[in-house]
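The exercises that follow ask for a reading of one model, topic by topic. Please consult the sequence and the coordinates alongside each solution.

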Amino acid sequence: MNEIKMITPPELKSARKLKPLELNGIRIGRKHSVLTPQQLEEIARSGKDSIQ
Amino acid sequence: MASDKTGHTLISDYLTLLGVPHTAGYSGKRLATMPFQTLFGLSKLLQEYGIESEGYELTDKTELLKLTPPFLADTPAGVVIVKDVAPTEVEYLSQGVEERMDFDKFIDAFDGKVLLSYPSPEASEPDYGKHARMDFFIRAKKWVLLAASAFLFLWLFIANGLYMRWSTVGITVIDMAGLYFTYLLVQKSVKIHNPAADRVCGVLQAGGCDSILKTSASKFFGLFGWSEVGFAYFSVSLLTLLLLPGMLPWLALCNLICLPFTAWSIWYQRFRAHKWCTLCVCVQGSLWLLFFCYCFGGWLGMAWPLSPLVLPLGAAYIAVMLALNAVMPLIENSDTNNTSDHE
């Protein structure tokens, strides 16, 4: 096993801390296949198209 | 669950990258049974490991560069583990698979929400020592089984003189190959993913195996999958050869009876389905190679006159095939339940 990574909280200017309820809205149990870069690009494109 | 069939889970991959001692079995089970299958639930679970976490939404997504990996990033299609971030490229893990993407394209796809985790210096899985020992013994069981089976196989192969004749060596090897091919086919038919099967299937035609297995012709009168029939055939043939080599002439006879099936299978793939199932073709090839060994080894000639011994051999083939057919739905359901429980 590797050494434990010591991570310090970052100093973020534009970030907003998520409340527990908001964190609870982000599901990790969704069954999905491997998210390839191509799939992520397509998601980004379809997101932009729907906004337009 | 956030896992794939090769055993990777989101929590196991994340803990590995954080360098926190853990076992895949315990952490996977805790992930599957946590009440909230969300980043909130995960953050609570990570607390049990001595890891505090907090979630942020980045309005300016370029601030991703200020974060120390590993961390979790949300996208509309699911959560990924970011392993490394550079101004040009993001490296991430999705379902245990490493991917790389241009930084600009990643921040386009990513929705701005991240979970950052801060392991304490003593962070570790609860009762890690106990779980690690259990994990070791569980893995050891498999190796002990393999070693015992290999020893038994070699013992019988040598003690029964099967090594002395080219035909019996050939029959042994081909039976083992046929068993392996039909094992891969059985896995495919219950939708158990096996990269080895995909590699073999891709030789003649990509996706051919899956296409053929979906046709009604893949089942014998709709009752038995041909993969089960094949697996039963090769397993009983191999065991009979090892334990009762005197039955060789009747094994030869049973092989002869199977040959017309090979012609039908090839005809069906070529002229009806217009798709080639590489694994199926390998099985047909194995049956023909067996025939040549039985025939030129002189075993087929010894099958006449017929002996009553052919009856228990036939019964063994049928019994194993029926037993496998009875077990198959349980394997399929067990795999489905594992997948749906984890959602």
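Five exercises follow, each with a worked solution.

**Conventions**

This is a predicted model, in which local features need pLDDT of at least 70, side-chain atom pairs count only at pLDDT 80 or more, and totals for chains, interfaces and linings use all residues. Residues are numbered from 1 along each chain as its sequence is written, chains are lettered from A and ligands numbered from 1 in the order in which they are written, and side-chain values use heavy atoms, with hydrogens and water left out.

**Exercise 1. Describe the make-up of chain A and of chain B.**

Step 1. Take the secondary structure, where helices (H or I, at least four residues) and strands (E, at least two) are DSSP runs numbered from the N terminus. Chain A has 2 helices and 1 strand, in the order β-α-α from the N terminus. Chain B has 12 helices and 8 strands.

Step 2. Take burial, where buried means under 20% relative accessible area, exposed over 50%, and partly exposed in between (1.4 Å probe, protein chains only). Of the 52 residues in chain A, 29% are buried; of the 343 residues in chain B, 48% are buried.

Step 3. Take the surface, with accessible areas from the Shrake-Rupley method and a 1.4 Å probe, only the protein chains shown counting as cover for residues. Chain A exposes about 3900 Å², 52% of it supplied by carbon and sulfur atoms. For chain B the exposed area is about 16600 Å², and carbon and sulfur atoms supply 67%.

Step 4. Take contacts, meaning heavy atoms within 4.5 Å. Among contacts in chain B between residues at least 6 apart in sequence, 70% join residues at least 24 apart.

**Exercise 2. Characterise the largest pocket and its lining.**

Step 1. Fix the terms. On a 1 Å grid over the protein atoms alone, a pocket is an open set of points with protein on both sides within 12 Å along at least five of seven lines, where a 1.4 Å probe fits; lining residues have an atom within 4 Å of a point. Grid points are joined across faces, edges and corners, and a volume is the space filled by probe spheres set on the points.

Step 2. The largest pocket holds about 1200 Å³ of space. Its lining has 30 residues, and those closest to its centre are K142(B), L145(B), L146(B), S149(B) and Y183(B).

Step 3. In chain B, helix 2 (24-33), helix 5 (128-159), helix 6 (166-189), helix 9 and helix 12 (310-341) each give two or more residues to the lining. Helix 5 of chain B gives the most, with 12 residues.

Step 4. Sort the lining by class: Ala, Val, Leu, Ile, Met, Phe, Trp, Tyr, Cys and Pro count as nonpolar, Asp, Glu, Lys and Arg as charged, and the others, Gly among them, as polar. The result is 23 nonpolar, 4 polar and 3 charged residues.

**Exercise 3. Locate any disulfide and describe its geometry.**

Step 1. Apply the criterion, a pair of cysteine sulfur atoms within 2.5 Å. A search of the whole structure finds 1 disulfide over all chains.

Step 2. The partners are C277(B) and C280(B), with sulfur atoms 2.2 Å apart. The link of C277(B) and C280(B) is right-handed, with 75° about the S-S bond.

Step 3. Both C277(B) and C280(B) are buried. Two other cysteines may be compared: C293(B) is buried, because its relative accessible area is 8%, whereas C282(B) counts as partly exposed because its value is 22%.

**Exercise 4. Place S235(B) and T168(B) in their surroundings.**

Step 1. S235(B) lies in helix 9 (residues 226-243) of chain B. S235(B) has a relative accessible area of 13% and is therefore buried. Beyond its neighbours within four places in sequence, S235(B) is in contact with L179(B) and V320(B).

Step 2. T168(B) belongs to helix 6 of chain B. T168(B) counts as buried because its relative accessibility is 2%. With neighbours within four places in sequence left aside, T168(B) is in contact with L162(B), L241(B), L248(B) and W299(B).

**Exercise 5. Identify backbone features in the loops of chain B.**

Step 1. The peptide bond from P69(B) to P70(B) is cis, with omega near 5°. P70(B) lies in the loop between strand 1 (51-58) and strand 2 (71-75).

Step 2. W304(B) and P305(B) are also joined by a cis peptide bond, with omega about 0°. P305(B) is in the loop between helix 11 (278-296) and helix 12.

Step 3. Q95(B), a residue other than glycine, has a positive phi near 55°. Q95(B) sits in the loop between strand 4 (89-94) and strand 5 (97-102), and is buried because its relative accessibility is 12%.

Step 4. D127(B) has a positive phi near 55°. The loop that holds D127(B) runs between strand 6 (113-119) and helix 5, and D127(B) is exposed because its relative accessible area is 52%.
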